[in-house]
Structure formats: C-alpha cells, structure tokens
Amino acid sequence: MNKDEREIRGGAMAEGEALAPQQALARLGTLLRDARQARKWAVRELAARAEIAVGTISQAERGKTTPNFVTLDALLTALGVEGEERAELEGLRDRAEPRTRPVRARAESQNRLLNDYVAAAREVARHHPHPFFLPGAAPSLSDVHWGQQAVPVDPNSPDDGNPAASLFGAGPRPLPAAGALAEKRVCVVTAGPGGGKSSLLRVWLEQGLNRWADSQAEEMPVLVPAESLVKHTFSKALATAVNEHLRPHGLLDDFPAEFFTHPPRAGARWLVLVDGLDEVTSTTARHDVVGALAALTKSHNAHLFRFVIAARPLPTREFRALGPDVAWYRLLPFSPEDVEQVACRWFNALGLPEPARAAERFTQDPAFRRIADLARTPLMAAMLCQLHVDSPGRELPTSRGMIFQQFTERLHERQCAAASPDSRQRYAGLERHGPAVLGRAEHTLEKLPELIGLLAAERRRDETVSAVDLVESQPAAQRPATVPSGEWRTFLEASLLRSGLLTVRAGRIVFLHQTLLEYCAARHANPEARATELARLLVKGWSRHWVLPQLDVSGRTPGRRYWNPPGREEESYFGFLLDDGEHDATAVIKELEHLANRGGLDGCRFLADQHNLGTELPSSVTRAVTDTLLRLCRIGRFELWRAKVAGGRWIADDPAPEIERMFARILSSFVIDDRVRAASTLLLLRDRRGLDVLTELARSPYLSGVCGPPVAARLAKLGDRNGGEILAAQAQDTGLTAGKRLKSAGFLAELGDDRGVELLTRLAHDDDVAHRHRAEAALWLADLHDHLAEKPAPPNGEPPPAAPLDPVGHDMLIAFAHDRTWRGSSRLRAVELLAGVDDGRAREVYAQLSNDTTLRWWHRLRARRAVSGRTNDHGWFGLFG
C-alpha cells in the first residue's frame, strides 16, 4: 500500500471532493475491491456477473484506469451497491476524471427534464382537442374517445381519399388506427375535416408515454403543431412548441433547443407527431416544413427522429421531398355501430343516467338518422352529442352548417351568461375604471362573434395577421381613452381565448380547429362577398380544352369547356358558403346544375364530395350528378375513335389478336381510369349502380386481360360475387397470355379463393409458360404465405382464408434458381424475387450461384456482387475481388 492509499484509508482526506484526481482514483479502486471481497467473489466471478473483462476490473481496482459510466454502473449493479455508497463511488469517479463532470451534469439535467416532460405531456394527451360549451369541465379524451379504423393507401392512386371504398368494404383491409403506426421513418395520416387526426395523435402520444414509462419503447413521443415549425431551425422550433404547449400543463422549466439535438436516452429517438400541416395555409410555408423534415431524414441526425404527419388530403406533390419510403394511412369514418358507442361514451362522461339506452334512443331517432352520416366524424359526433345533452327535446339541425351555427351560438351564450363561472373574470380587471368602461367592454363581448368572423376571413388571406391588433382596430373593440393600452389588450386577448373557438399555439392566437376557422370565415362574408366567392369557385373555374387527340392523354374532348376544381383545402369552406343560405339561391342552384351536367368527372366528384361532407345540396343537383356519372361510365364511339387514331391505324371489326391487344392497351389508357373513378363516385353517392358499371368494365372484351383483373378484384372487394367469377374465368382462359392469367389468378388468391392458389401453383409448374411468369407465380404464392403468417387470428373464431400454410413459393423460387435448364438471367431473376420475401435464403442461393460453373461468368459476377452487397459495383474486377 502506497502513502496516498494509507492516508486515504486513514481518513486524512475524507471527502471525495477534497481529493486530487489520482487520490480519488486510488480510493475508488480500493472501495471496489473491498466491496468484491466482502462478497467473497473472485475477479473472474465479478467479471462474469457484470459482463466486463477481467483486465478492466483488475486495472480499476489497482487505480490504473478510470472506469467509464457504463462500466462503473455495471460493476455497482452486479455488486448490489445502492444509496449513499453508490453516490460516493460515482462522485469519486467524477473527481478522478473531471472532464466528465459536464457530461454527467447534462445527463442528470436531461433526465430531470424528461421526467417533467412526461408528466406534463400526459396532461396534454388527456386534453380533448374539440370545443366544449356545456357547464363544468370538459371530459378527458380517454373518457370519450372511440378508436377509429385506418387503411394503408397509395397516394398516387386516383381513388385515394375516396370514402366509397370504406363505405362498401373496398380497398385494403382496415386495421385499428391506434396500432397503425408503421416502422417507417415517415408516416402520413390523412382524414377530412374533423376526421379525428388530432385525437389520434394524442392517443399515440399517451400510448408512447406509457410504453416509455414501462421501459418498453425506444421512442419518446413529442406532439407539435406544424405551424410551430415555420421560420425556425428544427430544434429551436421543437423546443419553443413544446414549451408553449406544455407550460399550462405543469411544465416546470423550459426546454433548451439543444435538448432535442441529443437522443432522449442511449439508443432511443424522438417520435415527432406533427399535427395540422394543412393548417399552414401558405403553400410555400408547407413546402418549407416538409422540406425541413425530409432534410432531417437524410442528415447525420436521422437516427434521432421519426415523424408522423397528420393533415387533410393535400396534393401528393407537396410530400414529394419525403421520398418514396413513406407509410400512408387514411382514417376511416365511424361505422353506424361506432356512432352509438361514441354517443354512449359522451353521455356517460356528461353524467346522463343509463347512457347506453340514451345513446340507442338518440341514434334511432328519425331526426338523427337523417344526419347520421354527418356523425361519422369525431368532431361532428362530439358537437351533436353536446347539443343533444344541452337541449334533449330540441330537434337536431339538418346540415353541417346549421350544426356549426347552433354550436357556436351556445359557445357565445356560455361566455356571455351572467351565471357563468367565467363571469368574474370576463372583464379582466376593468371594473376599477367605472361603469362606462364596463359598458364598452360589454359591447365588445356582444360583438365578439362578428370580430372572430372577421379574424377568420383575414386569416384565410394572411395567416400572419395578429388577432389582438386586428380586433382592436375595429370600431366595436376600440380602447376607451381612460384605459391603458396594455390592460385593454389583455381584456381582448382573454375574451378571444374564452370564446371556446381560439387557443394559443407558437405564441399566436389561432383557431382551435381549422374547420371552425372555415365556418367563421364563411359566416362573416356579407351577401356580396359570398356571391363573389361562389362565383370564383363555380363560374371562373371553366376553361376550354385545346389539345389534338393524337397528343392528348387527359381523356377530355378537344374544344369543349371543362371545369377545373379548386384545391382540396377549399372544399370545406365552399360547403359552408352553400349552407349559409344568404345568397341568391336560384342563381346558385342554376350554377350547381350546370356544373353537374357539364363539369365532367371533376365537377361530379367535387359535388359528390360536398354531399359526403354534409353540405345540403338540392335534390335536382344530386339527380344531375347521378345522371352525368352514369353517362360518363359508358364507353362511347368517340372514345373508340380516339383509341384508333392514337394507335395510328384503323382496326377492323374482327382484328388480329395482337392488334386487339394493342387496341385494348390504348383504349384502357383513355377510358378505364375515368370509368372506374366515375363508378366509385356513384358508390360515394350510395348508388349501387356503380357496381353494375364495374361488372360491365370487368367483362368488356376490349379490357379483359389488360384492366379487367384489377377492376374485377375491386368488384369482389365490394362484396359482389361476380368479381370472383370473372377473375376465375380470366385465369383459366387459355386465349389470354400467361401474364394476364397470372394477374387474374393472383388477385383471386388474395381474395382467399382456393381456385386462385391452385391456378398459381399450376402456372408455376407449367413448362410451357415463360420462365419469368413461372417465377412471378411462385413469388405471388410466397407473398400470400407471408401475409397470412403475419396476419393476426380472425375474431369470433372465424377460420382464416384458405391458403398454403407451408412456404411453397419460397421453395419454388429456390428450385428455379438451381434449375440448369433455365437461362442464367431467369435463374438470377428468381433469386432477386426471393430476396424480396426472404433475404437470408436469397443470400445463400447467391453464394451458391457465384460458384456455379454452369452459369456464364457475368451471371456469376452478378451473384458475387449480390453476396457482397455491391449491387451497383461495375467493372471486370468484381469476378475476382
């Protein structure tokens, strides 16, 4: 024992902070050795328990090296050292290496901030995002929330966002939205106005916080409004948004921007939930926000973040910067059964006796059934439930606009009621200035709905307008001369926030919900301004189409006038303008009928979306939309002529097979997409004649084999048995090419039909079929196997759809890769397809093929590159390297 150790053990320098680094290191080693020997462990036994090398422990005990944080923590945990003794050893370690003190201090500070964040964020997750006007506190989100369904979508599909698929069961199988958070770097969740996006993000926030608290997650969720990310660096914007969002919910200290430049803990990342991208009204600003998120996913800090973006449907081009690796979901509306459950939860939270029976009576009431479709979105369901509880005997409103009108009137009545709990604070301390000032304040409160409507209209034009500055500039809210400016502005700000329509985000007063802004803006417009807006949307959207048929791929008739629909962000506002009723009804109905009759598919789709949104359209307009859609579903002589002209030749009535196939491809490019969209829009209007149109298209002799299989598959998913029969007939039609039969058999197998599996297996084993089609048939079987393996067991004991339970498709692909009667390129193609479903086995096959002398040298080169992962490595030396 050296002199320093004798002095330390003798107590000459008892306090760790008084020791020099070398002395602290020696004392740390001594205490570690004493703790080990007290347990009668050898160094090797401690090394095995702590999973640390013997040499590392030996050097630490002899004071030769300073153990790092991870090593010391593992040693102390294995030795069972806790409390003051552990704190002393950690202090000695800091004293032995002073450079690490800031690191430890930062870690402790981050842990403290994380604990504060979790506590405050839990309160945010419980807060319901929809307005509330009834007496008492609003119920928590968990008390009234009912889980929605979501479906994966293809953003490039023309039918993306069409609720007809959900109405009739088409498209991908829905899954619970709360569990739809895919493990992709970026997820985009879309839904219409009031469709439940904000509620879903809060559900994900609460789930993530619970998993983090249970140490079952490696992601810390952070909810941030999209408008907070405008005009700031990402870390600063995130810190500012979190501070402002959580401060009213118990956040003790503000987060610095640097807090989000580090992972929440080692190996973890931030799950950033971006809410309301569509509420950033400037296209340029939205582009900047998306661009900043895309840049982060490609930067050296990409491992720190994962993003979920919630928005109304926006043009796909606005998300192009995010790249192709994005998971897209669309929230589905409630089913009729769900609506009753939502009402039951609301009535239970609001204290109604026998809430289940009350919900059943409410949803079965004839007045409710007339507007039942409106209640299928969370926002409208919440508003209708509150209106019913407030006035059970009062007849419910009949349109979306009337629902918002009655709801906002109740909000204003609550604010102005003398018996309101808020009445003591309604004047924000202005009482001391006398009755004249109070009278002026009361007048401002009475005019508050008009002032908020003006704010909404101005925000639609310029989102940077200051709410308090705009309101104060109006005669109804001008400051009395005897009141200081600061006190009056405080009163105006408090009045705006107590209206129930506005809140504070990113330091600005904003509308609680984008749909509320649209309603208030439409209500504020005077008859002249309303007529101008309707004319802008209905009249000025027409233009004449001038493109030669040989060059045109739009499906439009040259020389004819067409209507160009406004952006998706205009639809809700337009519906409120129509619902208001303070306009020249005759002129508006005339323009709507003209749009339905002459506006083509775009015009009909726009009006069908309005009908589905809850806008009250005249019956003559809906009839005109239906008639036009039925007309658009037919394939007329002009479309046939255009296909012939585009094909460069006139086709005889009985053309040769190869010419007929070419004609079908050309015709489908002009016809099929629009016809399917028209039929889907008919289904959106709940007109089942759309099914007849799809059946006719699937059976068309011109389209069978080209576009028939996808149309027939859609038909089958809509519940029509004709779809499956058409697919089976086309899959067995030897007059079609193997590729067309393969597509039909694959769609049939995906529907769970045994015939599809049998036909795919037959095609894969048919020596007369091209090698690439045989490999694709095997791939389809492999995909089907993997899909069923990942799929959870069906509810209620229902049997799963029939399908191969063994990986027969995988084995086929491996057999094809080793079949020496196949061309080398076809064998490699089989392995490439296998890599898409089983990368491990594909690497093994690549390794075997790289040494197969029956393959040409360039095929072996490709196999060797695939084994080494150098798929883009070009050159002659790959064969030898």
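This is a working chat about strand 5 and Val845 in a predicted model.

Biologist: What should I know about the model before we start?
Modeller: It is a predicted model, where local features need pLDDT of at least 70, side-chain atom pairs count only at pLDDT 80 or more, and totals for chains, interfaces and linings use all residues. Residues are numbered from 1 along each chain as its sequence is written, and side-chain values use heavy atoms, with hydrogens and water left out.

Biologist: Is strand 5 buried or exposed?
Modeller: Strand 5 covers residues 269–275, and 7 of the 7 are buried, so the strand is largely enclosed by the rest of the structure. Buried means under 20% relative accessible area with a 1.4 Å probe, protein chains only. Strands are DSSP runs of E, at least two residues, and helices are runs of H or I, at least four, both numbered from the N terminus.

Biologist: Which strand pairs with strand 5 over 7 bridges?
Modeller: Strand 4 (residues 219–225), in the parallel sense. Pairing requires at least two DSSP bridges between the strands. Val224 stands opposite Val274 in strand 5.

Biologist: And how many bridges to strand 6?
Modeller: Strand 5 and strand 6 (residues 305–311) pair over 5 bridges, again parallel. Trp270 is opposite Phe305 in strand 6.

Biologist: Switching topic, where is Val845?
Modeller: Val845 lies in helix 38 (residues 839–849). Val845 is buried, at 3% relative accessible area.

Biologist: Which residues does Val845 contact, leaving aside neighbours within four places in sequence?
Modeller: Ile814, Ala817, His818, Val831 and Leu834; contact means heavy atoms within 4.5 Å. The C-alpha atoms of Val845 and Ile814 are 7.2 Å apart, with the two residues 31 apart along the chain.

Methods. Buried < 20%, exposed > 50% of the residue type's maximum accessible area, 1.4 Å probe, protein only.
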